[in-house]
Structure formats: structure tokens, C-alpha cells
Amino acid sequence: MKYMKKSFKAMEPYFSKNIDDGIILNANESPFNVPKPIIKGFFKELKKVSFNRYPDMQNIKLCESIAKRFNVKPTEVTCGVGSDELIETTFKCVLEPNDKVVSFSPSFSMYTVFAEQCLAKFITVDFNEDYSFDVETMINTIKENKPKLVLICTPNNPTGAFLEETDIRRIVESTNALVILDLAYIDFADYDYTNLAMQYDNLIAFRTFSKAMAMPSLRIGYCISNEDNINMINAVKAPYSVSVPAQIMARIATENIHLYNDDIRAIIVERDRLYIELKRSFNVYPSKSNFIYLELNEEIYNALLNEKIYIKALKNNKYRISVGTKEENDKLLKVVMNYEK
């Protein structure tokens, strides 16, 4: 990387190999496609699109649909290329060089990259031994370091841990820092607390259409907060970032959110079944997401690869298995359960 500036020299590209054959359980995608009535409505509207015109930069119709779903104002919502773009933009809005960011760890790997781009200091708080959130250490770390940003991903990627609302409130109320609440997997949890973002000036809730709503190919997410925070993000976010097809599909999906209920329920049922089955022989950690976090050995991982079953390899013999269909999960279990703890 000949022209990379010195402060970025240690950074590596975020890369995930494109797989189009076999059982794909490594990317936390939904095993189900978008419900057919939504796809039908999408293609009907797509015929009316003037492709020679730029998208609506304010995503007005989509923001109105999202606002109606969460009972907020359209001006308290903004959209981006996945929630990633919006989180990255928030980092750029808030951080000066040497400012501090505090996050639970392990968590979404791009948080570190976003901090490095801003030349900020990234401080981590480890999970407890059972991979539950260590809230007391987080609060103490915040008080000690006085960060500009605090990160909470719940359910957490890659561990699947879920942070209760009372603990989120404790963290938010312990600091004047801006708190990023990454809710990419919240649809698979016991309950949703997106609207907490409307109760605190220093909280922004980020959500995505890539997981439960099964449209990662369109790359679209959104965030909800007070108008001041939303205006801040909009001031820095790249113009026209959300394509017209993405806006159309996301709006129709939001207006027909009930059509996803059966698929989400099926994923939760399979997640819990995988947890029970894998727990018989392996160290598996409780998950409220659409994946399982566990310890395996490399021999099992390679055995799965030989069967074209792809899971996510992490550090220290940890692996993340996205929940597939019942048939896909059965094939995975057939391979994995041949091995003992």
C-alpha cells in the first residue's frame, strides 16, 4: 500500500470471500428471501423509476414509513448504506484525533477501523467469562477515561449476548458521551428498545435491513434519535448514498413488517435448537441473535469445509454459526456431532 498514510499502515482490508455454492452460514444472513408480496410490490414500483434521475437524498418516503413504525417524527430518522455508513459517519462527526472510544470486546470489527480513521484511541471492555456484558467494568472505564463515544452492540456480534434495558440505561446515564446503540440483530431478541433513543439526548439507535429483513444485497440501514443528532449525521453523510431500488424495497418492507414474523420465529426456533444440540458436546454461549457463538477445534471446521458448509472462524478456537434452515442446520449437526468436546 504505497500511498497509504503512516497512521493507517497497520490497517487491513475488510474482506469476506463471496460464496455461491454450498451451505452459507458465515455471514449472519437470513436463510429466507424477502417475502414474495414485498418483492412483487417492489417490481411493480420499479417500473415507474426514472433511472436518469438521482435518488431522493432525504429518503423522505422511507423515513416517513420508518417514523410511523416507531412512532417518531420523520426528521428523527435518517438512512444510509447499511447501518455501517451511519455509524462511520457518526464517528467522523464526533471524534477529533486522540479522542477516546469505549466498546465491549469482542464486537463488530469495523468499530476499531472507524476509530482508527479518526485517529482516536479505542478502549475495550472484555465480556465476562460466560460472555455476558460486564456492565460494572464498562461504567468504571467510562468514568476513568471520559470517552467521546461509547459503543453498545446488542445482541452483540459475534457473541450473541443481549444487554437488558436497565443496564443500557445505567450506561447511558453514567456518561455525557454519545452512545451508539447498534441494534442490527434486535429482531431476534426477547424485546426491542429502539425507542430508548428518544428518551436520551446522548443516544442514537442504529438498525439495518440486512438481517431479519433479508436484504443485505441492497445495503440499507437507518438510525433514530433526536433531530439535533440526526441533523449532525446528515450534515456529514455522503449525498445520494441510498439508491432508489433500496429505498423502494425498504419502504415496502417496513409497511409490511408483519410478513416477516414467521421467518423470524423460525430462525429463533432453529437458533434455540442448535444451542441445545451443540451444548451437549461443546462450549456454546447463549445467543439472542441469529447465530451461535461457540468453541470448536480446527478439525471440525475443516470437516465442515469439506462438506461445503461455511461458518465464521474467529480467534482462540471460537466460531460463529449463522442459523440456517432446518435442513441446513441438520446437515451441519450431522458433521459436527461426530466429534466430542
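# A guided tour, starting at a proline

Begin by selecting proline 158, which sits in the loop between β5 (149-153) and α6 (165-173). Now add asparagine 157 to your selection: the peptide bond running from asparagine 157 to proline 158 is cis, with omega near 20 degrees. Keep in mind as you go that this is a predicted model.

**A second cis bond**

Next, go to proline 106, in the loop between β3 (100-105) and α4 (110-117). What kind of peptide bond joins serine 105 and proline 106? Zoom in on the two residues and you will find a cis bond, with omega at about 5 degrees.

**The whole chain**

Zoom out and colour the protein chain by secondary structure. You can look for eleven helices and twelve strands. The C-alpha atoms fill a box of roughly 55 × 55 × 50 Å along the principal axes. A compact globule of 341 residues would have a radius of gyration near 20 Å, and the protein chain agrees because its value is 20 Å.

Switch on the surface. The protein chain exposes about 17,000 Å², and carbon and sulfur atoms supply 48% of that area. Buried residues make up 52% of the 341 residues. Among contacts with a separation of 6 or more, 72% are between residues 24 or more positions apart. If you colour by charge, there are 43 positive and 45 negative charges to find, and the mean positions of the two sets are 5 Å apart.

**Helix α8**

Select residues 244-255, which form helix α8. Its twelve residues reach 17 Å from the first C-alpha to the last, close to the 16 Å expected at 1.5 Å a residue. Is α8 largely enclosed or largely open? Nine of its twelve residues are buried, so the helix is largely enclosed by the rest of the structure.

Show the side chains of the buried residues, including Gln247, Ile248, Met249, Arg251 and Thr254. Then display α1 (36-46) and α2 (60-70), which are among the elements covering the buried residues of α8.

**Two asparagines with positive phi**

From α2, move on to asparagine 71, in the loop between α2 and β2 (77-80). Asparagine 71 is not a glycine, yet its phi is positive, at about 60 degrees. Is asparagine 71 buried or exposed? Its relative accessibility is 71%, so it counts as exposed.

Now select asparagine 98, in the loop between α3 (82-94) and β3. Asparagine 98 is another residue other than glycine with a positive phi, here near 75 degrees.

**Serine 289**

Jump to serine 289, in the loop between β9 (284-285) and β10 (291-295). Although you are in a loop, serine 289 counts as buried because its relative accessibility is 1%. Which residues does serine 289 touch, leaving aside those up to four places away in sequence? Select Pro155, Gly160, Tyr185, Phe188 and Arg271 to see them.

**Last stop: alanine 214**

Finish at alanine 214, in the loop between β7 (203-208) and β8 (221-224). Alanine 214 has a relative accessible area of 13%, so it is buried, the cut-off being under 20%. Setting aside residues up to four places away in sequence, alanine 214 touches Ser30, Phe32, Asn33, Val34, Phe209 and Tyr260.

Add proline 35 and draw a distance between the two C-alpha atoms. Alanine 214 and proline 35 are 179 residues apart along the chain, and their C-alpha atoms are separated by 8.9 Å.

Note on methods: Residues are numbered from 1 along each chain as its sequence is written. This is a predicted model: local features need pLDDT of at least 70, side-chain atom pairs count only at pLDDT 80 or more; totals for chains, interfaces and linings use all residues. Side-chain values use heavy atoms; hydrogens and water are left out. Helices (H or I, at least four residues) and strands (E, at least two) are DSSP runs, numbered from the N terminus. The radius of gyration is taken over C-alpha atoms; the globule rule is 2.2 Å times the number of residues to the power 0.38. Buried means under 20% relative accessible area, exposed over 50%, partly exposed in between (1.4 Å probe, protein chains only). Contact means heavy atoms within 4.5 Å. Accessible areas come from the Shrake-Rupley method with a 1.4 Å probe; for residues, only the protein chains shown count as cover. Lys and Arg count as positive and Asp and Glu as negative; His and the chain ends are not counted. The place of a charge is taken as NZ of Lys, CZ of Arg, CG of Asp or CD of Glu. The expected span of a helix is 1.5 Å times one less than its number of residues.
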